[in-house]
Amino acid sequence: MSKNVSAVKDFTKGLWEQNAVFKQVLGMCPTLAVTVSAINGIAMALATTFVLVFSSMIISLIRKLIPTQVRIASYILIIATFVTIVDLVMKALFPELSKALGPYIPLIVVNCLILGRQEAFSSKNGVFRSVLDALGMGAGFLLALFMLGGVREILGSRTLLGFQVLPNLYEPWLVMILPAGAFLTLGLLMAYFNNREINKKTKQREAILQKHLSSKQSPAVEGGEA
Amino acid sequence: MELFLIFLSAAIVNNFVLAYFLGICPFIGVSSKLSSAVSMGMATTFVMTITSIVTWLIYHMILIPFNLEFLQYVSFILVIASLVQFVEMFIKKVSQPLYRALGIFLPLITTNCAILGLALFIILREYTFIEGIFYGLGAGAGFTLAISIMAGIREELDLADVPKPFQGAAITLIVAGILALAFMGFSGMISV
Amino acid sequence: MNTIVKMLITLTIVGVISGGLLSQISNWAEPKIEMNRKLETERAIFLVQPEAKSYLKIEEADFELYQVFKDENKSESIGYALPFEGNGFQGKIRLMVGVNVDLQQLVGLEVLEQVETPGLGTKVTEKPFTNQFIGLTANPIVNWTKAEANKDKSEIQTITGATISSKAIVVIINDGLSKLRSTVENGEAK
């Protein structure tokens, strides 16, 4: 039972609790660069997830065979191999998308998110858990990129996934499609989530305090609790 | 003249950090103190210049003649990783003070996307060998400039009363956004 | 010593496997990528030469150049399609220009690649701007004006807020035209 719980945990922690972009501030280059539109964000996240899952799988399989001194070099080699595969396949099957993402596909190699997961998780855990962890991290990355791309696309070109969602009356904010817009949007989104977290914590603290106070008012309960 | 324009274009107009989003990790991670930011910038510039030389040679002398272009990413990243290692050993031997200043930043450079990005851009834009070197120098200078400005601002920010939700990465990103807007003013100045 | 050998062996094995795998995949993908590239060029050629039915790459020219024909069996030439690139406001602009057979009149213009400012410079890729070049006589070159364009003076009107991008397009076209004319006159392409 507890094994199942921890397996679920391996997956879900990447979604939000340890979200690569919002919480760990990893993988910033692709996050900021390609999120001009939601579809680009999705494509980038899927490509990254593919590389992440397969390199996690291979690395956790052979983790005991690799001498520690060449650990990082071997990881990078494996990651670069999968990135090249993604790049070639995308160029062959989805030329438009591959053009839109341009040089940021090869740059998945140096996405700190991927190397970070190998170092922190796959090199220490079995295949099953590593793949789950990679899937979770990838899903969290997808969520973040979709959010960022969505906001920028709606405000910057009135559309979401190519469909017009804001009326023509609304004058698109060009800044959203420019590099500056990427920084500003991500900064504001982060601040928003921080704010929610802070509010939640304050509320929790207040609730605990309340409980504490009310229990003090009735001293007949047990002593030595605090 | 052409070379100087390539240098300026990479350093200012198409700044790696603020226009291409390359090297954001150290830009946010190592920009809290001006002195360490400058050191990081120097170390990166150094590695960038050497990278542009070595990867150009590998691509044009080995990969193209043997039709191995598909090994581009694998070979570039390996070269960069070993280069960084080598530079670290070299600096350690030659100059202890320099090593103390740059040492801790060097391993970080391997996963700095700006380096691999630089190598890829040089191939993509079909620069010649000399142009590539100047492009590398310019990109390094641009990175140093961006990260130093950022660190300067952040040192001031420490004294400011930043609202709680914005503290940390959020305010850094917003400052970066404003910097990117300011750098847009340079666009069109040179077209290379 | 032992560790060094082990390190080398590991890295070699990983490298060999990775290289083998990649060469397989690259063999599979390469023809498809080539095909995509060809289709893209083809699409652009027929966009700038709407009356053309077939085309031929002119190998003698020292730049990329296509001759287009009115019919399938390449007997009657109706002009040229010329991919040409130059500097825009922020980076390279790549165009496909359609020119008629006497090298005076432009038939069509398509912007293939550009990195201009979104919302301003990117307007040069849109129909209101590119349509100005259709049927324009470049005698001897294309000129630009900020006011209403006079077609008799080979003029096009630049876009407000994107003057530099508009001018860049004109300059690229003129460069391309002069190269095309000298090549054709030297008889390298007929």
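**Close-up 1. Strands β3 and β4 of chain C form an antiparallel pair.** The model is predicted. Strand β3(C) covers residues 77–87, and strand β4(C) covers residues 92–100. Nine bridges join the two strands. To find one matched position, start from C:Asn87: it stands opposite C:Lys92 in β4(C).

**Close-up 2. A hairpin links β4 and β5 of chain C.** Strand β5(C) spans residues 106–113 and runs antiparallel to β4(C). Six bridges hold this pairing. Across it, C:Val97 stands opposite C:Leu109 of β5(C). Five residues lie between the strands of the hairpin. In this hairpin, C:Leu103 takes a positive phi, near 65 degrees.

**Close-up 3. Strand β2 of chain C pairs with β3(C).** The β2 strand is made of residues 66–69. Four bridges connect β2(C) to β3(C), and the two run antiparallel. C:Tyr66 has C:Ala81 as its bridge partner in β3(C).

**Close-up 4. Five strands of chain C make an open sheet.** The strand order is β1-β2-β3-β4-β5, with antiparallel pairing. Which strands stand at the edges? They are β1 (54–57) and β5 of chain C. Each has a single partner strand, so one side of each is left without a neighbour in the sheet. Neighbouring strands are turned against each other by 25 degrees on average, direction ignored. Strands of a sheet pair through backbone hydrogen bonds, either parallel or antiparallel.

**Close-up 5. Helices α1 and α3 of chain C meet the sheet.** Helix α1(C), residues 2–48, lies across β1, β2, β3, β4 and β5 of chain C. Its direction is at about 150 degrees to β5(C). Helix α3(C), residues 163–185, packs on the sheet as well. There, α3(C) touches β3 and β4 of chain C. The direction of α3(C) makes about 130 degrees with that of β3(C).

**Close-up 6. Helices α4 and α9 of chain B cross.** Helix α4(B) covers residues 34–63, and helix α9(B) covers residues 129–157. Their axes come within 8 Å and cross at roughly 165 degrees. Angles over 145 degrees count as roughly antiparallel, so α4(B) is roughly antiparallel to α9(B). The crossing is right-handed. Residues of this contact divide into 18 nonpolar, twelve polar and one charged.

**Close-up 7. Chain B touches chain A.** The contact takes 34 residues from chain B and 32 residues from chain A. On the chain B side, the elements giving two or more residues are α2 (16–20), α3 (24–29), α5 (72–94), α8 (113–124) and α10 (169–184). Which element gives the largest share of this side? It is α10(B), with ten residues. The side of chain B that touches chain A is made up of 30 nonpolar, three polar and one charged residues.

**Close-up 8. Chain C also contacts chain A.** Here 18 residues of chain C are in contact with 21 residues of chain A. The chain C side divides into nine nonpolar, seven polar and two charged residues.

**Close-up 9. Confidence varies along chain B.** The mean pLDDT of chain B is 84. In this chain, 95% of the residues reach 70 or more. Where is confidence lowest in chain B, and where is it highest? Helix α7(B), residues 106–110, is lowest, at a mean of 74. Helix α9(B) is highest, at 91.

Notes:
Residues numbered from 1 in each chain as written. Chains lettered and ligands numbered in written order. Predicted model: local features only at pLDDT ≥ 70, side-chain atom pairs only at ≥ 80, totals over all residues. Contact = placed C-beta atoms within 7 Å. Nonpolar A, V, L, I, M, F, W, Y, C, P; charged D, E, K, R; others polar. Pairing = 2+ DSSP bridges. Axes fitted to C-alpha atoms, helices over the stretch in contact; angles between N-to-C directions. Parallel < 35°, antiparallel > 145°, perpendicular 65-115°, else oblique. Left-handed = near helix turned anticlockwise from the far one by under 90°. pLDDT = per-residue confidence, 0-100.
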